[in-house]
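User: I should like to go through this model and ask, for each label, on what grounds it is given. Please set each value against its criterion.

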Amino acid sequence: MRRKKTWLLAFFLLLFLGGILALRAGFDSEAAKLRLIAEVKARTGRDLLIGQPVRLRFLPRLAVEAGDIRLSGAGPEAGSEVFTLARFSGAIKILPLLRGKIVINRIEMRAPSLHVTRHADGSTSLDDLLALRGEAVDGDMEVQVEKVVLLNGRLLWQDEGAAGSRRLEFDELYLRTGRLGAEARGKLEVGGKLRMGEANHLSLRFESLYALHAERQRLELRQPSLVLKGEGWGYSALRLECSGRRVLGGPASLQLENIVLAGRAERGNAAPEQETESLVAELQLEKAILAEAGELRTLAAQFARTGKAPASLRLDMAAMTGEAGLWKSEALNLAGEGRWSEQEFAARLATSIHIGFSPETSRFLRLDAAQGELRATPGAMFRQATRIGLEGNLEMQPDTQEAKGRLAATLDDSHLSLDWNADARDPPRVRLEARLDHLNLDPYLQAKPASAGQTESGNVGSVVGNASSNNAGTAVNEAPGAWERLEVTGRVRVGALRFHDIFLENLDSRLTLRGGKLELQPQEKAASAGKQKKRRRQRRPSVPAAPAGKK
């Protein structure tokens with residue numbers, strides 16, 4: 001009985017091999033190539049050219065090889081080549097076909113080149129081909145690919161939008177994958193070089209282990225690693241590295257774990273005696289779940305600039321939670337320091353953030369109970385070490401293009417408060433109300449030297465003169481054309497303000513900025529300290545003199 005089964009198996013094997021050999025003997029590769037060219041023409045209206053003979057092998061796998069493949073464009077691109085391929089090879093396992101399953105052993109493409117054009121109306125040169133996707137394979141037949149290799153590829157993106165022509169070129173592209181299918185695992189490698197003009201280029205390399213779960217519509221990446229490096233955009237060296245433990249993507253959700261990002265940009269100088277400037281960024285994220293109910297946990301980011309004007313900024317946030325498009329953070333801390341105009345500065349801010357972006361509610365960003373301070377050392381601007389306390393809040397609504405906020409500042413026993421709201425719709429409008437109880441700036445600020453033909457008080461003296469005069473509504477400043485559409489209205493109240501030879505007392509004015517002209521309409525008169533006679537002679541005749549006040 002066992003011997004009979006062996007002979008029966010051998011008979012069917014010989015029958016199968018005989019059928020394969022008969023199929024191979026009767027196969028006309030040239031006729032198949034012509035049928036394929038005619039089918040592409042009928043379905044797309046494009047011309048397909050296969051310059052080299054098509055080779056077909058039946059054992060041990062069903063394999064096909066072709067070379068010098070070219071596909072023409074359609075519509076405005078008719079007559080030009082939108083896709084070329086130097087060599088293509090693929091192989092399909094035979095036995096799984098008997099079970100109604102397509103198992104592609106490998107797909108290999110060498111030197112593919114794709115030219116995509118985006119037209120001014122938003123359409124692209126591939127829209128007709130994308131409309132045909134999915135029609136070539138029966139939806140009930142399972143398809144699995146064991147390996148995909150792409151080498152020395154090129155992608156050219158041409159955008160002919162209303163903003164003008166823009167061109168992006170990717171070359172030296174490569175792609176290597178493991179198994180692809182409904183349930184598959186493998187390793188992914190992608191890389192290439194991005195060019196924008198002759199001087200700007202970036203090299204990209206991405207590697208990761210992956211797992212595909214089609215039924216759950218989930219993609220999992222483990223140990224992902226991304227490296228970008230190049231030069232251009234005003235920098236002599238650019239580098240960005242990003243790695244993580246796991247990235248999990250599904251329907252309307254994304255989960256990140258242990259993400260670390262580090263970037264550096266250097267701006268070289270031709271003169272050796274000049275200091276090289278660099279920008280450094282680091283980010284660490286323990287966990288992020290971006291979904292209908294999500295959270296961010298332990299976010300830390302640091303930015304630094306070295307060189308002539310060094311500066312640094314650090315952000316720390318313990319957690320942020322969200323549900324139904326409404327997100328709220330725990331305490332968010334910002335701290336920074338730097339040097340500007342030969343002056344050392346340090347600042348810190350603590351606040352909580354509320355963000356809304358769900359379809360059911362309007363989008364908004366709100367900073368609540370913000371508290372911080374600004375410190376400066378003695379230098380070109382400040383006479384002594386200075387600390388300014390800050391507190392306030394801010395709310396922005398992108399849908400209505402509105403924003404409002406409050407800022408309170410303290411300097412020793414002096415207090416300044418500012419309430420404002422803005423509407424960015426055309427024409428943009430700002431309404432504000434500012435109140436200062438008393439402030440003497442002489443102990444803090446350095447005196448600004450007078451320029452030729454101008455008093456030491458400069459434009460401040462001009463504003464004071466108009467504010468204290470009875471000519472309400474007098475224009476005191478002309479703004480450039482960029483400000484002509486902006487409208488600002490509000491009220492400014494000052495108890496007492498002293499700086500150098502300027503002294504204001506009991507100032508209460510309506511402020512209006514419209515059509516590029518600033519107007520102050522005094523509610524109460526202000527007093528200006530007696531000017532030196534020499535400075536009075538230097539004052540421009542168009543600006544009325546302020547009445548003398550107490551000093």
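User: In which sense do strand β20 and strand β21 pair, and over how many bridges?

Analyst: In this predicted model, strand β20 (residues 343-356) and strand β21 (residues 364-376) pair in the antiparallel sense over 11 bridges. Pairing requires at least two bridges, so the label applies. One of the positions involved is Ala346, whose bridge partner in β21 is Arg375.

User: What joins β21 to strand β22?

Analyst: Strand β22 (residues 386-397) runs antiparallel to β21, and 10 bridges join them. Leu367 stands opposite Leu394 in β22.

User: Why is the contact of Arg375 with Glu373 called a salt bridge?

Analyst: The closest N and O atoms of Arg375 and Glu373 are 2.8 Å apart. The cut-off is 4 Å between a side-chain nitrogen of Lys or Arg and a carboxyl oxygen of Asp or Glu, so the pair qualifies. Arg375 has a relative accessible area of 42%, which lies between 20% and 50%, and is therefore partly exposed. Glu373, at 11%, is under 20% and is therefore buried.

User: Which residues do salt bridges that share partners join into one network?

Analyst: Arg57, Glu65, Arg87, Glu108 and Arg110 form one such network. Within it, the side chains of Glu65 and Arg57 meet at 3.3 Å, N to O, and because the limit is 4 Å this counts as a salt bridge. Glu65 is called buried because its relative accessibility is 18%, whereas Arg57 is called partly exposed because its value is 39%. By the rule applied here, the count comes to 37 salt bridges.

User: What makes the pair Arg245 and Glu257 a salt bridge?

Analyst: Their side chains meet at 2.3 Å, N to O, which is within 4 Å, so the criterion is met. The pair links distant parts of the chain: Arg245 is in the loop between β12 (235-243) and β13, and Glu257 is in strand β14, 12 residues apart. Arg245 is partly exposed because its relative accessible area is 39%; Glu257 is buried because its relative accessibility is 8%.

User: How do you know whether Val247 is buried or exposed?

Analyst: Val247, found in strand β13 (residues 246-250), has a relative accessible area of 17%. Buried means under 20%, so Val247 is buried. Beyond four places in sequence, Val247 touches eight residues' worth of surroundings listed as Leu219, Glu220, Leu221, Pro224, Leu254, Gln255, Leu256 and Ile259. The C-alpha atoms of Val247 and Leu221, 26 residues apart along the chain, are separated by 5.0 Å.

User: Which residues touch the most other members of the largest nonpolar core?

Analyst: Of the 17 residues in this core, they are Leu256, Leu285, Leu296, Met317 and Met320. The elements that give two or more residues to the core are β10 (200-213), β14 (253-267), β15 (277-290), β16 (293-306) and β17 (311-323). Beyond four places in sequence, the contacts of Leu296 include Met317, Met320 and Trp327.

User: Why should residues 449-480 be read with caution, and what is the pLDDT there?

Analyst: The mean pLDDT of the protein is 81, and 79% of its residues reach 70 or more. Over residues 449-480, however, the pLDDT is below 50, although the stretch has 61 contacts in the model beyond near neighbours in sequence. Where pLDDT is low, the predicted coordinates should not be read in detail.

How values were computed
Residues are numbered from 1 along each chain as its sequence is written. This is a predicted model: local features need pLDDT of at least 70, side-chain atom pairs count only at pLDDT 80 or more; totals for chains, interfaces and linings use all residues. Side-chain values use heavy atoms; hydrogens and water are left out. Helices (H or I, at least four residues) and strands (E, at least two) are DSSP runs, numbered from the N terminus. Buried means under 20% relative accessible area, exposed over 50%, partly exposed in between (1.4 Å probe, protein chains only). Contact means heavy atoms within 4.5 Å. pLDDT is the predictor's confidence in each residue, from 0 to 100. A nonpolar core is a set of buried Ala, Val, Leu, Ile, Met, Phe, Trp, Tyr and Cys residues joined through side-chain atoms within 4.5 Å.
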